[in-house]
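Trainee: I should like to discuss this structure with you, beginning with the whole chain and then turning to individual residues.

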Amino acid sequence: MSLVLACLLALVGCGGDDEAAAPESGVSISSSSDTQVEIVSSEPSSAALPVEMNVVMKESPRRRLMVLGEVNLPDQTRLRVRLVRDASNVSWRVMTTVAAGAFEAGPLGPSSGLVAGDYTLHVSMPPADVQPQEVKAVIGEKGRFLEGPYVENSPHGLGRIVKYATTYEVLR
């Protein structure tokens, strides 16, 4: 891309009063002879995405947990939902996908039902590398456009990821 840009600059440079600008959509080069060339970047240049998430947990009559969430991540974003029993560290996990700004997961827990006690629910977005292209176009390479309190750097150097956690108490 640098070579193409250099060639374009050289060609346009023959016209006299040149000016170069870098608008949000990419690079635009124009000259006094009204020649204009635009190279559009494959990623938006300023698309900060402050992640917002609202999660509701509902216990089914069979004492299993359903998770319903609203999130402003793009549709088709893959999410991992995991419920952990604090006393034993036993966990149940499912993968789900964002659709129309929402996701759901469950039922979580054993078929015999959750026993009384404290549980921690984790909702996380795996790294951008494993997300669909449509999602990567919005969150950026390695999730670089993701921001907010639920966003952190991956411990494995894979970019920025989303992590949400909350507690839930099963009574009875």
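**Chain overview and two loop residues**

Mentor: In this predicted model, 34% of the 172 residues of the protein chain count as buried.

Trainee: How many helices and strands does the protein chain have?

Mentor: The secondary structure of the protein chain comprises both kinds of element. The count is two helices and 13 strands.

Trainee: Is Arg63 buried or exposed, and which side chain of opposite charge is nearest?

Mentor: Arg63 lies in the loop between β5 (53-59) and β6 (65-71). Beyond four places in sequence, Arg63 touches Gly113, Leu114, Val115, Ala116, Val170, Leu171 and Arg172. Arg63 is buried but has no salt bridge, because a salt bridge requires the charged atoms to be within 4 Å. At 4.1 Å, the nearest side chain of opposite charge is that of Glu59.

Trainee: Why does Asp75 count as partly exposed?

Mentor: Asp75 is located in the loop between β6 and β7 (78-85). The partly exposed class covers the range between under 20%, which is buried, and over 50%, which is exposed. Asp75 therefore counts as partly exposed, its relative accessibility being 42%.

Trainee: Which backbone nitrogen does the side chain of Asp75 reach at 2.9 Å?

Mentor: Leaving aside neighbours within four places in sequence, Asp75 is in contact with Val98, Ala99, Ala100, Gly101 and Val135. The side chain of Asp75 reaches the backbone nitrogen of Gly101 at 3.3 Å. Asp75 and Ala100 are 25 residues apart along the chain, with their C-alpha atoms separated by 6.1 Å. The backbone nitrogen reached at 2.9 Å is that of Ala100.

Conventions: Residues are numbered from 1 along each chain as its sequence is written. This is a predicted model: local features need pLDDT of at least 70, side-chain atom pairs count only at pLDDT 80 or more; totals for chains, interfaces and linings use all residues. Side-chain values use heavy atoms; hydrogens and water are left out. Helices (H or I, at least four residues) and strands (E, at least two) are DSSP runs, numbered from the N terminus. Buried means under 20% relative accessible area, exposed over 50%, partly exposed in between (1.4 Å probe, protein chains only). Lys and Arg count as positive and Asp and Glu as negative; His and the chain ends are not counted. Contact means heavy atoms within 4.5 Å. A polar contact is a pair of N or O atoms within 3.5 Å; within protein, one must be able to donate a hydrogen and the other to accept it, and residues adjacent in sequence count only if both atoms are side-chain atoms.
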